[in-house]
Amino acid sequence: MLSNQMEGGRTPLPGVRKLKEMGYTLAIFSLGTGFAAAKGIKDHLDVLAAKGDTREALHGMVLFDDFNKLIGLDEHAELEKRYQGVD
């Protein structure tokens, strides 16, 4: 049994543990990350519009080096080196 958990939707959000107790074998949280990203983008742009820069938004951001680690940039660079010139 599947439960589609959507923040702000009609379905209650009892949590994974409770859903499991109720007999659900799969719970999907398909839009929550998108909703969170949209709020982060809006908050960031609100600061930029109000202040003319984003210094006050830095605390809510993943900064450059951490972002590169998050997306695995070093691993991608290693793959690129390994396969460079290979047909």
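Me: Which helix holds both aspartate 46 and lysine 42?
Reply: This is a predicted model. The two residues sit four residues apart, about one turn of the helix. Their side chains meet in a salt bridge, 2.7 Å from N to O. Both lie in helix α2 (residues 32–51).

Me: Is aspartate 46 buried, partly exposed or exposed?
Reply: Exposed means over 50% relative accessible area, and buried means under 20%. Aspartate 46 has 38% relative accessibility, so it counts as partly exposed.

Me: How many residues apart are glutamate 78 and lysine 81 in helix α4?
Reply: Glutamate 78 forms a salt bridge with lysine 81, with the closest N and O atoms 3.9 Å apart. Helix α4 covers residues 73–83. Within it, about one helical turn separates the pair, because they are apart by three residues.

Me: Is lysine 81 buried, partly exposed or exposed?
Reply: Its partner, glutamate 78, is partly exposed at 48% relative accessibility. The cut-off for exposed is over 50%. Lysine 81 has 56% relative accessibility, so it counts as exposed.

Me: Which residue meets glutamate 56 in a salt bridge?
Reply: Glutamate 56 is partly exposed, with a relative accessible area of 48%. The N to O distance in the bridge is 3.8 Å. The side chain it meets belongs to lysine 51.

Me: What is the volume of the largest pocket?
Reply: Glutamate 56 also helps line this pocket; among the other lining residues are Asp43, His44 and Met61. The lining divides into five nonpolar, four polar and two charged residues. The pocket's volume is about 180 Å³.

Note on methods. Residues numbered from 1 in each chain as written. Predicted model: local features only at pLDDT ≥ 70, side-chain atom pairs only at ≥ 80, totals over all residues. Heavy atoms only, no water. 1 Å grid on protein atoms, 1.4 Å probe; cavity = no way out; pocket = protein on both sides within 12 Å on 5 of 7 lines; lining within 4 Å. Points joined across faces, edges and corners; volume = space filled by probe spheres on them. Nonpolar A, V, L, I, M, F, W, Y, C, P; charged D, E, K, R; others polar. Salt bridge = Lys/Arg side-chain N within 4 Å of Asp/Glu carboxyl O. Buried < 20%, exposed > 50% of the residue type's maximum accessible area, 1.4 Å probe, protein only.
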